[in-house]
Amino acid sequence: MAKDTTLIIHGWSDCSNSFKKLKQFLIDNKVGTVQTILYADYESREDNITFNDVVDGLNDQMIENGLIDADGNKLQDVNVIVHSTGGLVIRHWIWQYYHERIEQCPVKRLVMLAPANFGSPLAHRGKSFMGSLFKGRWKIGDMLEVGRNLLNGLELASPYQWDLAHEDVLREEPYYNRGQIQTTILVGLKDYEGLRGWVNKPGTDGTVVIAGTSLDTAKLVLDFSQSGRDPAKQHHDWVYQNPPDDFGFGVIAGVDHGSIVEPTSPKAGDKGMVGGLVLRALTTKTPKDFEKLVNDLEQYTESCYQKTGKPRFQQFVLHAVDDLGDSIKDFTVEFFIFRPHRLSKKGLADDSKMDKLEKELSQEVHEILTSNFHTNQTDASFRRFLVDLEEIRAFLNKAEEALSAKPALSMRVHVPKVDDGIQYENKDLENIVIHDTSGTLKPPKNFFYENTTTFIELRVNRFNNYVHIGVQPRKH
């Protein structure tokens, strides 16, 4: 069995005390000892603490405990188990200290239990007064603190998640793979029961978005920032940045966000499924062993969905910026359905002669795609929407039958003017085709992927009439 040091990192509003059963489970199965299985604690409900603070302190503690030397070089291999927010903590730490020298990173195997890689719908609730009452610290001097900086990073569609993903996931050579950091992600498919059930949201394990636990990502850039200048430069392209796909991802029946950390609990799933998978993930010896685990998890996940009949989701994060990269915080988004003959070669749809059926279908698809929509409270230029893939695919089939033609799905973005002198070019944002089932356009391989977070970056031209150059002075 593995003799490496194992580090357990908890999530928000939690502490290492919640993982005593997990540590004992590992010891009982001869995966480490009392001395080689360590807890990492941090004050997650301290309002002033940031993710930078957490990873800085974690790095100091790694040095103090002899896992790395003062220069960050590994002194031994380390297996890491994280829960919830711990996923962001370890990803941030690896990127912060090893993004240019991953060979020196001590992390050999990484097991993520319900990680909040791409947010939680409960984060913005935690910042509210009610969140302070239920989850805030009851400590003199820090009364009702909830860890606002960490919750900002945890909120759906947070700039923090967007930036971190561009650093460690959407990079040329992702290091979450069988040869570097063998990464296994496990998440439950069960909602909370009883009194806790009031927080349940579609597509979650009670706390985190299931689709957002996976590191599987894609990115679409809709660049209309050169509109009115050089139309040849505008583009509407998928940007593939080789996101990691060599990692294990398993969705487990009968487990929610809390019970997934108790592998010996009766709530842990079919015959201790979580515990068995954690042991496999921590004891893989070769890339071939890991490949077998990845394949087994894929098959188990499929059977889990088949058995439970639970829907599968995809999460989208939309970020709007102007031609200089500044955030656009005031904009609206609408979705439409068009017949294929209305599509132009530029990837836009002509809505000037929409018929009644197209309008009715457009209203329906808009309601489907925006039913689970969230505007980030810290930066409104980031928006998130969650899509039930079975629902949207059923709708597209229905639309095809109704139209007697394969439909195209478009997105209309409107950015209002700032004032009479400063505004945005909206002409080419009217109906951007994002999914063409007819093949009229050259579409991306696919727009819909289950258990994926898809980034959409929208670039818009901002212009003004407040600046002039001329041979004569201008009167004000």
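Six phenylalanines make a good starting point here: Phe316, Phe335, Phe373, Phe385, Phe447 and Phe448 are joined into a cluster by ring pairs. Please keep in mind while you explore that this is a predicted model.

**Aromatic pairs**

Across the structure, 14 aromatic pairs are counted. One of them brings together Phe51 and Tyr160, whose ring centres are 4.4 Å apart with planes at 10°, so this pair is stacked. The two residues come from distant parts of the chain, 109 residues apart: Phe51 belongs to helix α2 (residues 51-64) and Tyr160 to helix α7 (residues 159-168). Are these two rings buried or exposed? Phe51 has a relative accessible area of 5% and is buried. Tyr160 comes out at 18%, and because the cut-off for buried is under 20%, Tyr160 is buried as well.

Another pair to look at is Phe118 with Phe455, which is edge-to-face. Here too the partners lie in distant parts of the chain, with their positions 337 residues apart: Phe118 sits in the loop between β4 (107-113) and α4 (123-126), while Phe455 is in strand β16 (residues 453-460). Phe118 counts as buried at 2% relative accessibility, and Phe455 counts as buried at 1%.

The geometry of the two pairs is set out here.

| Pair | Centre to centre | Angle between planes | Class |
|---|---|---|---|
| Phe51 and Tyr160 | 4.4 Å | 10° | stacked |
| Phe118 and Phe455 | 5.8 Å | 80° | edge-to-face |

**Charges over rings**

Phe118 has a further partner of interest, since Arg91 lies over the face of its ring, at 5.7 Å from the ring centre. A second arginine, Arg383, lies over the face of Phe331, and the value to the ring centre is 3.8 Å in that case.

**The parallel sheet**

Turning to the strands, which order do the 6 strands of the parallel open sheet follow? They run β2-β1-β3-β4-β5-β8. At the edges stand β2 (37-40) and β8 (248-252), each pairing on one side only. On average, neighbouring strands in this sheet are turned by 15° against each other, with direction ignored.

At the β8 edge, strand β5 (residues 182-188) pairs with β8 in the parallel sense over 5 bridges. Within this pairing you can find Ile185, whose bridge partner in β8 is Phe249. Towards the other edge, helix α1 (residues 20-28) lies across β1 (5-9), β2 and β3 (78-83), and α1 runs at about 165° to β2.

**The antiparallel sheet**

There is also an open sheet of 3 strands, ordered β10-β13-β15, in which the pairing is antiparallel. Strands β10 (332-338) and β15 (432-436) stand at the edges with a single partner strand each, so one side of each is left without a neighbour in the sheet. Neighbouring strands here are turned by 25° against each other on average, again ignoring direction.

Strand β13 (residues 408-414) pairs with β15 in the antiparallel sense, and 4 bridges connect them. If you would like a residue to zoom in on, Ser410 has Val433 of β15 as its bridge partner. Which helix packs on this sheet? That is α10 (residues 356-370), which touches β10 and β13, and the direction of α10 makes about 135° with that of β10.

How values were computed. Residues numbered from 1 in each chain as written. Predicted model: local features only at pLDDT ≥ 70, side-chain atom pairs only at ≥ 80, totals over all residues. Heavy atoms only, no water. Pairing = 2+ DSSP bridges. Axes fitted to C-alpha atoms, helices over the stretch in contact; angles between N-to-C directions. Contact = heavy atoms within 4.5 Å. Phe/Tyr/Trp six-rings, centres within 6.5 Å; stacked < 30°, edge-to-face > 60°. Buried < 20%, exposed > 50% of the residue type's maximum accessible area, 1.4 Å probe, protein only. Lys NZ or Arg CZ within 6 Å of the ring centre and 35° of its normal.
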